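Got the viewer open? Here is a short tour, one selection at a time.

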Amino acid sequence: MRIEYDIKLGFKDVMIRPKRSTLKSRAEVSLEREFKFLHSPFSWTGIPIIAANMDTVGTFEMAKALYKKQLFTTLHKHYSMADWNVFTSNLPEGMENYIAVSTGISKKDSEKLASIFKVNPYLKFICIDVANGYSEHFADFVKQTRDQYPDKVIIAGNVVTGEMVEELLLSGADIVKVGIGPGSVCTTRVKTGVGYPQLSAIIECADAAHGLGGQIISDGGCSVPGDIAKAFGAGADFVMLGGMLAGHTESGGEIIERQGKPYRKFYGMSSSTAMEKHVGGVAEYRASEGKTVEVPFKGDVENTLQDILGSLRSTCTYVGAKRLKELTKRTTFIRVNEQENRIYTH
């Protein structure tokens, strides 16, 4: 046993200090980024915000809505081949650059991934997703996937420490997903005592990834647009959203009415709800590590996206970043004990 005494920080522990700016308007800010990858020869241009591969967020409908604004979606892994065939039969031109096929690491998952790419070889992104990216088997699966798909962009995760980011990049990943326990419907920290405050995880993992020429995704912990700005300011290349994109017209999840008002179900992919839906229940050797909640129905996701993107442009004007790429260089975090005046918060 050992103790690290350095304090690790989450989004609520800091704010971004404003700086002098030459920008006259938020309209001058470009949120578009261009990335080249460590292994894949493909390059990508767009706004690096990603819908999480949860079946209540990473839907075909969400992907179509986000594509209109050049945002990215990791599609959940529970769609059937028939679902994929219908979706890809009328895919808008260029949309293949803004979606990833998600997979687990079982033999069945690998076979399904191969089937999807056999029918749709033009798809470019793979998201290899497990709750715990620290197993040797996971790194080996990333290597096998890289050997099988040398040109695809591989996203792999989740981890929260620099050495494992390096391990996955060297195993064949292009982008590493960072986050254990910060999600709004994740109970891993409560059930296991394991986790890492998200802001510190981003800072440390971005440093490790960028040293090797890889990228990271900050996955989880964003509850307001300011958290997204803090993630980018800390060095995240992409930011993945779950709860902030739940509850919309394009989201998955059962619609429920309570006292005349509509809600949508939103749950973690390690919750008992998800496991009962997809694998017949919680296995006797494990516990549920996710919540199931009811999110007030928010309407079309376009309105939420406008709020997020407008807020992010505003952050950039406060620190003088004309492009999103410049935000991390212009960010100084200050430690705080308070974030907002909550007297009128309902």
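In which strand is the place of Asn158? Select Asn158 and you land in strand 8, which covers residues 153-159. Keep in mind as you click around that this is a predicted model. Now add Gly157 to the selection: the peptide bond joining Gly157 and Asn158 is cis, with omega at about 20 degrees.

**Next stop: two glutamines with positive phi**

Go to Gln70, in the loop that runs between helix 1 (60-67) and strand 5 (72-75). Gln70 is not a glycine, yet its phi is positive, about 65 degrees. Colour by accessibility and Gln70 comes out as partly exposed, because its relative accessibility is 29%, which falls between the 20% and 50% cut-offs.

Then jump to Gln259. Here again is a residue that is not a glycine but has a positive phi, this time about 50 degrees. Look for Gln259 in the loop between strand 12 (255-258) and strand 13 (261-267). Is Gln259 buried or exposed? Gln259 counts as exposed, because its relative accessibility is 85% and the cut-off for exposed is over 50%.

**Into the core**

Switch to side chains and select Ile49 and Val165. In the largest nonpolar core, which has 102 residues, Ile49 and Val165 touch the most other members. Centre on Ile49 and show what surrounds it. Setting aside neighbours within four places in sequence, the contacts of Ile49 include Leu71 and Phe72, then Ile228 and Phe232, Val239 and Leu241, and finally Ile308, Leu309 and Leu312.

**The annotated cysteine**

Now pick Cys186. UniProt, in an unreviewed entry, places the feature "active site" at this residue. Cys186 sits in the loop between strand 9 (175-178) and helix 6 (188-192). Its relative accessible area is 25%, so Cys186 is partly exposed. Which residues does Cys186 contact, leaving aside neighbours within four places in sequence? They are Gly181, Glu289 and Gly290.

**Two buried glycines**

Move on to Gly220, in the loop between strand 10 (215-219) and helix 8 (225-233). Gly220 is buried because its relative accessible area is 14%, and buried means under 20%. Not counting residues up to four places away in sequence, Gly220 touches Phe11, Pro182, Gly183, Gln198 and Met240. Try the distance tool from Gly220 to Gly195: the two are 25 residues apart in sequence, and C-alpha to C-alpha they are 12 Å apart.

Follow helix 8 to its other flanking loop, the one between helix 8 and strand 11 (238-241), where Gly235 is found. Gly235 also counts as buried, at 8% relative accessibility. Use the distance tool once more, from Gly235 to Ile202: their C-alpha atoms are separated by 6.5 Å, with their positions 33 residues apart along the chain. Ile202 is also one of the contacts of Gly235 once neighbours within four places in sequence are left aside; the others are Ala206, His210, Ile216 and Thr328.

**Last stop: the surface**

Finish by turning on the molecular surface and selecting Met1, Ile3 and Tyr5. Together these form a nonpolar patch on the surface, with about 490 Å² of accessible area. Zoom in on Tyr5, which is found in the segment before strand 1 (14-16). Tyr5 counts as exposed because its relative accessibility is 71%.

Technical notes
Residues numbered from 1 in each chain as written. Predicted model: local features only at pLDDT ≥ 70, side-chain atom pairs only at ≥ 80, totals over all residues. Heavy atoms only, no water. Core = buried A, V, L, I, M, F, W, Y, C linked by side-chain atoms within 4.5 Å. Buried < 20%, exposed > 50% of the residue type's maximum accessible area, 1.4 Å probe, protein only. Contact = heavy atoms within 4.5 Å. Patch = residues over 30% accessible without salt bridge, like charges linked within 9 Å, V, L, I, M, F, W, Y side chains within 5 Å. Areas by Shrake-Rupley, 256 points an atom, 1.4 Å probe, with all protein chains shown as cover. Salt bridge = Lys/Arg side-chain N within 4 Å of Asp/Glu carboxyl O. Helix = DSSP H or I, 4+ residues; strand = E, 2+ residues; numbered from the N terminus. UniProt positions renumbered as here; feature names shortened; annotations may be inferred.
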